[in-house]
Each structure stands twice: as structure tokens, then as C-alpha cells.
Amino acid sequence: QVQLVESGGGLVQAGGSLRLSCAASGSISSINAMTWYRQAPGKQRALVATITRSGSTSYADDVKGRFTISRDNAKNTMYLQMNNLKPEDTAVYYCNADITVLLQLQGIDYWGKGTLVTVSS
């Protein structure tokens with residue numbers, strides 16, 4: 001059984017910062033790519049940023065220069081540092097990870113339940 005738990009969401013004023021965390025637990029052999037997604041009210045879920053196990057990163061165009069994704073492989077945890085937040089960043093943020101569990105050879109996609117980020121103007 002594998003769980004992904006997000007934390008760090010909340011209410012912040014425009015221009016402020018938040019740091020999200022995503023902690024993976026369970027019978028984990030290895031965690032491959034980890035990704036943050038977000039879903040704003042009335043919109044489809046969208047990719048925010050991805051980080052590989054080796055640390056290579058990529059970002060959606062609308063968060064480049066403001067958000068930074070990172071991970072601590074020893075802690076099975078991923079982070080998203082969000083600076084200069086805008087009202088349009090308001091969304092539920094979800095953690096996704098490609099995880100290989102013990103005694104298995106292939107990774108499976110797991111999702112967290114999400115954490116709400118609200119940016120007021």
C-alpha cells in the first residue's frame with residue numbers, strides 16, 4: 001500500500017509565497033518521476049511541474065520563474081516552492097508519482113488527495 005499526502009496549502013495574498021510538500025509512504029522500492037498538478041475551479045487538471053529521480057525539472061509556462069520543484073529522495077518527499085503568487089494560481093494542487101513498490105518491476109502512477117491553495121487579490 002502506497003500513500004501520497006500533500007500539505008502546505010492555505011490562503012495567501014497576491015505576491016506572497018507558499019511551500020507545498022508531498023510525502024510518499026508505504027512499501028516503496030523506488031520513486032521515479034514526481035509531478036505537481038493543479039485544478040482550478042471549473043477547469044481541467046493541469047501539469048505544473050515535474051522532477052525526475054535525478055533532479056531534472058520542467059515547468060508549465062505560466063509558473064516558470066515563480067515556482068521551484070525539488071525533492072528529497074532520502075525522505076521520499078517532493079516540494080513546490082511557490083513565490084509571487086497570483087489569484088490565477090488558486091487551485092487544488094495534487095501530487096503524482098511513478099512508484100515501484102517492493103517485489104514489483106514496473107512503476108505505477110499514484111495520486112494524493114490534494115491541498116487547496118487560495119490566492120486573494
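1. The side chain of Thr77 reaches the backbone oxygen of Lys75, at 2.8 Å. This is a predicted model, and the distance is computed from its atoms. Thr77 belongs to strand 8, which covers residues 77-82. Thr77 counts as buried because its relative accessibility is 9%, below the 20% limit for that class. Setting aside neighbours within four places in sequence, the contacts of Thr77 are Cys22, Ala23, Arg71 and Asp72. Cys22 returns in the next point.

2. Cys22 and Cys95 form a disulfide, with their sulfur atoms 1.9 Å apart. The count of disulfides comes to one. The pair links distant parts of the chain, since Cys22 sits in strand 3 and Cys95 in strand 9, 73 residues apart. The angle about the S-S bond is -60°, and the link is left-handed. Both Cys22 and Cys95 are buried. In general terms, a disulfide is a covalent bond between the sulfur atoms of two cysteines.

3. On the overall make-up, the protein chain has eleven strands and zero helices. Read from the N terminus, the elements run β-β-β-β-β-β-β-β-β-β-β. The radius of gyration of the protein chain is 14 Å, close to the 14 Å that the globule rule gives for 121 residues, so the chain is as compact as a globular protein of that length. Along its principal axes, the C-alpha trace spans about 50 × 25 × 25 Å.

4. On burial and surface, 40% of the 121 residues in the protein chain are buried. The chain exposes about 6,600 Å², and carbon and sulfur atoms supply 47% of that area. Among contacts in the chain with a separation of 6 or more, 56% are accounted for by residues 24 or more positions apart.

5. What is the size, in residues, of the largest nonpolar core? This core has 31 residues, and those with the most contacts inside it are Trp36, Leu80, Met82, Tyr93 and Ile99. At least two residues of this core come from each of strand 1 (2-7), strand 3 (18-26), strand 4 (28-39), strand 5 (46-51), strand 7 (67-72), strand 8, strand 9 (91-101) and strand 11 (115-120). Strand 9 gives the largest share, six residues. As a general matter, nonpolar side chains in soluble globular proteins tend to be buried together.

6. Ile99 is one of the core residues with the most contacts inside the core. Leaving out neighbours within four places in sequence, Ile99 is in contact with Val2, Leu4, Ala24, Ile28, Ser30, Ile31, Gln106, Gly107, Ile108 and Tyr110.

7. Two residues of strand 1 can be read together. Gln3 lies in this strand, and Val5 is found there too. Is Gln3 buried or partly exposed? Gln3 counts as partly exposed because its relative accessibility is 48%, and the exposed class begins only over 50%. Val5, at 46% relative accessibility, also counts as partly exposed.

8. The contacts of these two residues are as follows, with neighbours up to four places away in sequence not counted. Gln3 is in contact with Ala23, Ala24 and Ser25. Val5 touches Ser21, Cys22 and Ala23. Ala23 is thus listed for Gln3 and for Val5, while Cys22, a partner of Val5, is also one half of the disulfide.

9. Two C-alpha separations place these residues against other parts of the chain. Val5 and Gly114 are 109 residues apart along the chain, and their C-alpha atoms are separated by 7.7 Å. Gln3 and Ser54 are 51 residues apart along the chain, and their C-alpha atoms are separated by 22 Å.

10. Thr50 lies in strand 5. With a relative accessible area of 16%, Thr50 is buried. What does the side chain of Thr50 make a polar contact with? The partner is the side chain of Thr35, at 3.2 Å. Not counting residues up to four places away in sequence, Thr50 touches Ala33, Met34, Thr35, Ser56, Thr57, Ser58 and Ile69. Thr35 therefore appears both as a contact of Thr50 and as its polar partner, given that a polar contact requires N or O atoms within 3.5 Å and a contact requires heavy atoms within 4.5 Å.

How values were computed: Residues numbered from 1 in each chain as written. Predicted model: local features only at pLDDT ≥ 70, side-chain atom pairs only at ≥ 80, totals over all residues. Heavy atoms only, no water. Helix = DSSP H or I, 4+ residues; strand = E, 2+ residues; numbered from the N terminus. Buried < 20%, exposed > 50% of the residue type's maximum accessible area, 1.4 Å probe, protein only. Polar contact = N/O pair within 3.5 Å; in protein donor to acceptor, adjacent residues only side chain to side chain. Core = buried A, V, L, I, M, F, W, Y, C linked by side-chain atoms within 4.5 Å. Rg over C-alpha atoms; globule rule 2.2 N^0.38 Å. Areas by Shrake-Rupley, 256 points an atom, 1.4 Å probe, with all protein chains shown as cover. Disulfide = S-S within 2.5 Å.
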